[in-house]
Amino acid sequence: MIGLSSYAGVMESLTNAAEEQQPSSPLTNSWSIKQESSKNQKTKGVGGFVLVHAGAGYHSESKAKEYKHVCKRACQRAVDQLKAGALAVEAVAAALVELEDSPFTNAGMGSNLNLLGEIECDASIMDGKSLHYGAVGAISGIKNPVLVAKRLLSEAQKGKLSAGRIPPCFLVGRGAHDWAVSHGIPPCPSEKMATKFSLSAYKRNKRKMELAEKMDTGDQTKKRRQSSENENGSACLDTVGAVVVDLEGNVAAAVSSGGLAMKHSGRVGQAAHYGCGCWAENACNMNPYSTAVSTSGCGEHLIRTMLARECSAAMQSEDAHQALLEAMQNKFISSPFLASEDRVLGGVIVLRCCRCVEAQPSQNIQGILVEFLWSHTTESMCVGYMSAQDSKAKTHISRLPPGTVPGQSLAIEGGVCRLINVVE
C-alpha cells in the first residue's frame, strides 16, 4: 500500500521557514510573476526558479531549523545567480556549493566518514541545454566536489583534446583530485572537512560494528544488523541536490553526497552515476516538457533503478503528479531490480516546465509554466524553493503519513509556478 500525503499547488500554507504543518488540502494555484523592464536587454527583467533538497532520510525536529535554513540559503544563492543573468547550470552549481558547505548535510564539509575514517565524496551535474554531464566519484581533499563536476562539464563542451582525445566526463579517486587541482580548484585537507558531528558519528558507528562482529551466531548477527538499521534507518541517506530553470527556459540539475556512513573505501554512490543521481533535459521535438531531477537515498537502490532518468521520462505524461506517483511505485518501490530488498529507500525532487499560452496573447509576453514536486520513501525529506521574484525562499520538511512504513510507502507533494517575462 502507498502512503500518500497531499499534493499542494504552490503550497501557500508554507509561507515561512518556521512553519511545521503540512498542507491540509490539495490546491491548484499559480504564481504570476511580472518581471521589471530593462532597456539594455531583449528579455526585460529577471526570472527563474529553484528547488533544492537537503536529503531524503530522517530529519529530527531538534535540527529542523538548521536544515530549513541551509535550504533557504541555497535557494538564495541560486536566485542571486539567476538575477545576475546566469544560466541554469551556473545557478544550480551555486545552490550545491551552499549545501556542501553546511556542516548539517552529508556533502562536502561534514560528510560521512568511510571505514578508514576518511571522507570520499561523489557529485554530478547535468545541463539540459547541451545535455552535457560531469561527475566525480570517491574524491578526497576537495571542499566542493560539485565544482569539479561542473568544470568537467564545461571542459567537455570545448570539444576534443590534443591528438583527438575525448575529454573525460567522469573521474574518480586520486585522478579526480589531481585533475581538479590542475584546473585551478584548490585542495582542502580531509581533516578540515570533518566536523565534530561526523567524527562522533564515525566513532559511534565503529563501536557498533565492533560489537556486531563479536556476535557468535549468524542469527544473532542478523538480528543485530536489523536492529541497527531500524534505529538509524535512513538517517545517513541525506544526499543533497537542486534543480533549476532559468529565464530562457533552460533546466539543470545537480547532486552531491558524502555517501553512506562506514562505506568501503572507493565506493561510488548514485550521486556520481549517469542517470541515477541527477538528470536534466530541455524540451525538444520528442519531448514537450523540459525536465530536471535530483535524487537522494540509498545509492545502491538508486543506481540499480536509474531513478533520475526514469522520473524524467515519466514527466512527459500529461499529469505530472500521477506520473511521479506511478514512477516511484512501479520503477522504485516495486522494481524487479530491487525485489530482494525489504525496504527501498530514496527520494526525488522534480521540476518540469513548458512555454504557456497567456490569457491575453501578446508578442511581448513570454510565459513559462513550472511544475515542481518531491517524493520520498524515507521517513522525511527537507526541501526549499524560490522564484527570482520572491523576497525569500519557502522551506518544508515532508514526512511520511502516520502509520506508514519507510521503504514501503511514499509521500508526494508539490506545486505550480507561472513565470511571465516581458520581451522588447
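# Group meeting talk: a walk around the mixed sheet

Residues 24 or more positions apart account for 74% of the contacts with a separation of 6 or more in this chain. Hello everyone, and please keep in mind as we go that this is a predicted model.

Let me set the scene. The chain has 424 residues, and 56% of them are buried. Its accessible surface comes to about 18,200 Å², with 51% of that belonging to carbon and sulfur atoms. For secondary structure, we have ten helices and 15 strands.

Now to the part I'd like to spend time on, the sheet. Eight strands make up an open sheet, and if you walk across it you meet them in the order β6-β5-β4-β8-β7-β3-β13-β14, with mixed pairing. The edges are β6, residues 170–172, and β14, residues 394–399, each of which pairs on one side only. From one strand to the next, the twist averages 10°.

Let's start at the β6 edge. Strand β5, residues 133–139, pairs with β6 in the parallel sense over three bridges. If you want a spot to click on, Gly137 stands opposite Val172 in β6.

One step further in, β5 meets β4, and here the sense is antiparallel, over five bridges. Ile125 of this pairing sits opposite Gly134 in β5. These two strands form a hairpin with five residues between them. In that turn, look at Leu131: its phi is near 65°, a positive value in a residue other than glycine. As a reminder, most residues other than glycine have a negative phi. Is Leu131 buried or exposed, or something in between? At 42% relative accessibility, it counts as partly exposed.

There is a second residue of this kind. Ala163, in the loop between α3 and β6, is not a glycine either, yet has a positive phi of about 60°. Ala163 counts as exposed, at 80% relative accessibility.

Back to β4, on its other side. β4 and β8 pair in the antiparallel sense over six bridges, and Met126 has Ala253 in β8 as its bridge partner. So how many of the residues of β4 are buried? Seven of the seven, so the strand is largely enclosed by the rest of the structure. You can see this on both faces: Cys121, Ala123, Ile125 and Asp127 are buried on one side, and Asp122, Ser124 and Met126 are buried on the other. I'd point out that two aspartates, Asp122 and Asp127, are among those buried residues.

What packs on the sheet? Helix α2, residues 88–101, touches β3 (48–57), β4 (121–127), β7 (240–246) and β8 (251–257). The direction of α2 makes about 155° with that of β7. Helix α3, residues 145–156, lies across β4, β5, β6 and β8, and runs at about 140° to β5. If you compare the two lists, β4 and β8 appear in the one for α2 and also in the one for α3.

These helices also pack on each other. The angle between α2 and α3 is about 160°, and their axes are 8 Å apart. With angles over 145 degrees counted as roughly antiparallel, that makes α2 roughly antiparallel to α3. Which residues meet there? From α2 we have Val89, Glu90, Ala93, Leu96, Val97 and Glu100, and from α3 Pro145, Val146, Leu147, Lys150 and Leu153.

Just a quick stop before α2. Ala84 is in the loop between α1, residues 64–83, and α2, and is exposed, with a relative accessible area of 68%. The C-alpha atoms of Ala84 and Gly47 are separated by 9.9 Å, while the two residues are 37 apart along the chain.

Last topic: cysteines. How many disulfides does the structure hold? Zero. Take Cys75, for which the nearest cysteine sulfur, that of Cys71, is 6.7 Å away. A disulfide here would need the two sulfur atoms within 2.5 Å. Cys75 is buried, with a relative accessible area of 0%, whereas Cys169 counts as partly exposed at 35%.

To leave you with one picture: a mixed, open sheet of eight strands, with β4 buried along its seven residues and with α2 and α3 packed roughly antiparallel to each other. Thanks for listening, and I'm happy to go back to any part of the model.

Note on methods. Residues are numbered from 1 along each chain as its sequence is written. This is a predicted model: local features need pLDDT of at least 70, side-chain atom pairs count only at pLDDT 80 or more; totals for chains, interfaces and linings use all residues. Side-chain values use heavy atoms; hydrogens and water are left out. Helices (H or I, at least four residues) and strands (E, at least two) are DSSP runs, numbered from the N terminus. Buried means under 20% relative accessible area, exposed over 50%, partly exposed in between (1.4 Å probe, protein chains only). Contact means heavy atoms within 4.5 Å. Accessible areas come from the Shrake-Rupley method with a 1.4 Å probe; for residues, only the protein chains shown count as cover. Two strands pair if DSSP finds at least two bridges between them. Axes are lines fitted to C-alpha atoms, for helices over the stretch in contact, and angles run from 0 to 180 degrees between N-to-C directions. Angles under 35 degrees count as roughly parallel, over 145 as roughly antiparallel, 65 to 115 as roughly perpendicular and the rest as oblique.
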